[in-house]
Each structure stands twice: as C-alpha cells, then as structure tokens.
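Colleague: I have a model open and would like to learn how to read it. Could you take me through the sheet and what packs on it?

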Amino acid sequence: MIENGYTVSGMSCGHCAQSVTEEITELPGVESVEVDVETGRVVVRSAEELTEDAVRGAVEEAGYTYEGTVALV
C-alpha cells in the first residue's frame with residue numbers, strides 16, 4: 001500500500017471533507033482517504049501510485065484548491 005499526503009485549501013466543515021473524500025475515492029486504486037479540515041491535510045492510501053494531476057483534478061472537481069504534496073511523518 002502507498003500512502004501520500006496532500007494539502008487542500010478552502011475546506012471549512014465536515015461536508016467539505018466528505019466532498020473531497022468522495023472525489024478522491026473514485027480514483028483507481030484508492031483504498032482510503034482521511035481529511036483534516038482544520039489543517040487542510042489529506043492522507044490517501046492506495047494500491048498504486050497516484051499522479052499529482054489525478055489528485056489535483058479530484059480536489060478541484062470537489063470545488064477546493066489543491067496546494068500540493070506534504071510529507072507524512
């Protein structure tokens with residue numbers, strides 16, 4: 001399993017997190033998505049490597065701004 005972190009801005013509530021989760025979950029190979037609305041951090045676990053363009057597209061489709069990758073500690 002591959003785990004990647006991303007930063008997303010514009011989220012302010014649980015509905016925002018759900019929208020982002022739903023869009024990213026539709027990407028091939030995604031197994032789980034965790035969203036922290038306060039920090040804008042999104043952790044995605046997938047069976048295969050996701051392209052940054054695919055994640056950006058999913059986030060933008062949900063109506064939010066993709067800010068980039070973030071290191072997971």
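Modeller: We will go through the strands, then the helices, then one residue. Keep in mind that this is a predicted model.

Colleague: In what order do the strands lie in the sheet?

Modeller: Read a sheet across its strands rather than along the chain. Here four strands make an open sheet, ordered β2-β3-β1-β4, and their pairing is antiparallel.

Colleague: Which strands stand at the edges?

Modeller: β2 (30–36) and β4 (65–70) do. Each has a single partner strand, so one side of each is left without a neighbour in the sheet. From one strand to the next, the twist averages 25°.

Colleague: How many bridges join β1 to β3?

Modeller: Six bridges link β1 (residues 2–9) with β3 (residues 41–46), and the two run antiparallel. To follow the pairing, pick a residue and look across to the other strand. Gly 5 has Val 43 in β3 as its bridge partner, and Ile 2 stands opposite Ser 46 in β3.

Colleague: And on the other side, how do β2 and β3 pair?

Modeller: They pair in the antiparallel sense, over six bridges. Val 30 stands opposite Ser 46 in β3. Ser 46 therefore turns up in both pairings, opposite Ile 2 and opposite Val 30.

Colleague: What connects β2 and β3, and how many residues lie between them?

Modeller: The two strands form a hairpin, with four residues between them. In the turn, Gly 40 has a positive phi of about 80°.

Colleague: Is β3 mostly covered or mostly open?

Modeller: Mostly covered: of its six residues, five are buried.

Colleague: Where do the helices touch the sheet?

Modeller: For a packed helix, look up the strands it touches and the angle between directions. Helix α1 (residues 14–25) packs on the sheet and touches β2 and β3, with its direction at about 160° to that of β2. Helix α2 (residues 52–62) also packs on the sheet, where it touches β1 and β4, and its direction makes about 145° with that of β4.

Colleague: Take Thr 21 as a single case: is it buried or exposed?

Modeller: Thr 21 belongs to helix α1. Its relative accessibility is 18%, so Thr 21 counts as buried, the cut-off being under 20%.

Colleague: Which residues is Thr 21 in contact with?

Modeller: Setting aside neighbours within four places in sequence, Thr 21 contacts Val 33 and Val 35.

Conventions
Residues are numbered from 1 along each chain as its sequence is written. This is a predicted model: local features need pLDDT of at least 70, side-chain atom pairs count only at pLDDT 80 or more; totals for chains, interfaces and linings use all residues. Side-chain values use heavy atoms; hydrogens and water are left out. Two strands pair if DSSP finds at least two bridges between them. Axes are lines fitted to C-alpha atoms, for helices over the stretch in contact, and angles run from 0 to 180 degrees between N-to-C directions. Contact means heavy atoms within 4.5 Å. Buried means under 20% relative accessible area, exposed over 50%, partly exposed in between (1.4 Å probe, protein chains only).
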